[in-house]
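Me: I'd like to go through this one by asking where each label comes from. Can you set the values against the cut-offs as we go?

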2 protein chains.
Amino acid sequence: MTDAALSTRETADVPSGRPAEVPTPAPGDPRLARLSLNQRTTERWSVAEAVAGCVRAGLPAIGLWREPVQEIGASAAARLVADAGLRVSSLCRGGFLTAADPSRRRHALDDNRRAIDEAAELDAACLVMVVGGLPEGSRDLAGARDRMSDGIAELVPYAARRGVRLALEPMHPIFCADRGVLSTLGQALDLAERFPADEVGVVVDTFHVWWDPDVLGQIGRARGRIASFQVCDWITPLPPDALLSRGMMGDGHIDFPLLRRAVERAGYAGDIEVEIFNADVWAADPDDVVATLARRYVTHVLPD
Amino acid sequence: MTDAALSTRETADVPSGRPAEVPTPAPGDPRLARLSLNQRTTERWSVAEAVAGCVRAGLPAIGLWREPVQEIGASAAARLVADAGLRVSSLCRGGFLTAADPSRRRHALDDNRRAIDEAAELDAACLVMVVGGLPEGSRDLAGARDRMSDGIAELVPYAARRGVRLALEPMHPIFCADRGVLSTLGQALDLAERFPADEVGVVVDTFHVWWDPDVLGQIGRARGRIASFQVCDWITPLPPDALLSRGMMGDGHIDFPLLRRAVERAGYAGDIEVEIFNADVWAADPDDVVATLARRYVTHVLPD
């Protein structure tokens, strides 16, 4: 790393180019004690690179994705993480349980069992469940929701035997048609509460839930059920690709301390994972992304 | 109109280019008795052109927008509509009541009073209220919602004296930051129910509410409060500009008969307004758009 690169990294945020408001917290800074990098935030990094990046920046936890994990195998990934002394705050992702076609459904359930096995091997705090959208050509939203619930119920005993907690992720309604028919935290809790809390929890992702008029009430209701707390911002104008529309904390409209305090009042003391899908973030140098998110975490997530 | 144009209009839907599934209902067809054209669906048409287009197609009602109405003045617009024998199913739109700055707030309230005067002059069934998003730079969503509620409360007596029914429009959460902090039908009803039902109702727009796990329950709760029922589809992939992401009924994922039946069970017997903001729809010939929406209304909205 050149001095010039280091200096830019320390003085300018990515992707905004705005001046850094605070020095980057150094490894060992107690404010980093719960900060986790979801590896899709630094999309071009392999598991090994992301683990090394966390260590360089002093982040104690990482959220992994199945595809990069599978490139080296779950046991190799588990060794990398353990050797680095990191926690796995989540594995993304199981789910996609809405197919009506029996063979597609069977295939989805099989794939979820593999995801559960991988989460067990990685000792992940939870397996994030993105439940899936409407099947091609279908307009039967209630039916898709029913099949999704049935699929979760079918997977819970398998996951429980392996000590893997399923984390139901309510997704922003922008994704209801094509990605996640679980649309609110209340709806996720309605389903989660059919099972023991240590077997099925929920994800509170600020991007997905910030708009909900009942979000604080539902976070309160989620006591003991919050398996993962993920942060990223809602930015406007919304980028053209809805899947890549997430922003760096502080670049958008979300009041993070409000939601973090609510999650903590509900008893959550686990890692806080930064998950940003955004073409501009992905185009930036991953070490710059990690430095920026550590600063923004300190300035925009942690303050009371 | 050339025979060739007529023939294409009758055989191909816009903007999809898909073959028409049914003949276009002719003027006088009883299936058109409740169909209304929201004039933004044919964005390039003036009020006079849109009124003439409705008459040509046999549509008995029109939803007007303030900007084109103001081009000729509300009284001239009212005469055009009355002379054509059309109903005004709605006037779009009042609202934008979330400003914290006192002078902006006063300006917004003044503008809403003008909108109410225009709705009265047009004898519109309701004034649609798009309540506004977060003020520039603000992350205080609860505060914006409170100011919005206060603004509605301030406008109700003025509207009631003029016989204008305010119609609160819950907007898809995709618009929460920049357009409408009223995000669910339940939230809209919580506010509407503070006032008499003939003074404050709600809009049920399929695009905004279709994803809501509680939509059928809330439509049932809205008995006597539904001031407007608007239809358009949720299409994927979502077009790049979120504001222009609406689709022609049948091109997307919404189960229209399900929502129409629910609205009717809740006592709504008024017009069904087609409101589509979409660059491809706007690029098509407006008469083609009206012919397509009449066919799609018959095939995708009316069936039981």
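Reply: Sure, starting with strands: helices (H or I, at least four residues) and strands (E, at least two) are DSSP runs, numbered from the N terminus. R246(A) sits in strand 9 of chain A, residues 246-247. One caution: this is a predicted model, where local features need pLDDT of at least 70 and side-chain atom pairs count only at pLDDT 80 or more, while totals for chains, interfaces and linings use all residues. Residues are numbered from 1 along each chain as written, chains are lettered from A and ligands numbered from 1 in the order written, and side-chain values use heavy atoms, with hydrogens and water left out.

Me: What makes R246(A) count as buried?

Reply: Buried means under 20% relative accessible area, exposed over 50%, and partly exposed in between (1.4 Å probe, protein chains only). R246(A) comes in at 3%, so buried is the label.

Me: Which residues is R246(A) in contact with, beyond its neighbours within four places in sequence?

Reply: Contact means heavy atoms within 4.5 Å. The list for R246(A) includes D205(A), F207(A), H208(A), C232(A), E275(A) and F277(A). With E275(A) there is also a side-chain to side-chain polar contact at 3.1 Å. That term asks for a pair of N or O atoms within 3.5 Å; within protein, one must be able to donate a hydrogen and the other to accept it, and residues adjacent in sequence count only if both atoms are side-chain atoms.

Me: Why is the pairing of E264(A) and R34(A) called a salt bridge?

Reply: The rule wants a side-chain nitrogen of Lys or Arg within 4 Å of a carboxyl oxygen of Asp or Glu. Here N to O is 2.7 Å, which fits. E264(A) is in helix 10 (residues 256-265) and R34(A) in the loop between helix 1 (3-11) and strand 1 (35-38), so the pair ties together parts of chain A that are 230 residues apart in sequence. E264(A) has a relative accessible area of 28%, so partly exposed is its label.

Me: How do you know that D251(B) and R18(B) meet in a salt bridge?

Reply: Their N to O distance is 3.1 Å, against the cut-off already given. D251(B) lies in the loop between strand 9 (246-247) and helix 10 (256-265) of chain B, and R18(B) in the loop between helix 1 (3-11) and strand 1 (35-38), so this pair ties parts 233 residues apart. D251(B), at 23%, is partly exposed, and so is R18(B), at 33%.

Me: How many salt bridges does the rule find over all chains, and how many across the interface of chain A and chain B?

Reply: The count is 44 over all chains, but zero across that interface. What the interface does have is eight residue pairs in polar contact, both residues at pLDDT 80 or more.

Me: What is the area buried between chain A and chain B?

Reply: About 2,300 Å², with carbon and sulfur atoms giving 65%. Buried area is the accessible area (1.4 Å probe) that two parts lose on being put together, summed over both. The contact takes 30 residues from chain A and 30 residues from chain B.

Me: What is the mean pLDDT of chain A?

Reply: pLDDT is the predictor's confidence in each residue, from 0 to 100. Chain A averages 96, and 98% of its residues reach 70 or more. The model scores ipTM 0.96 and pTM 0.96.
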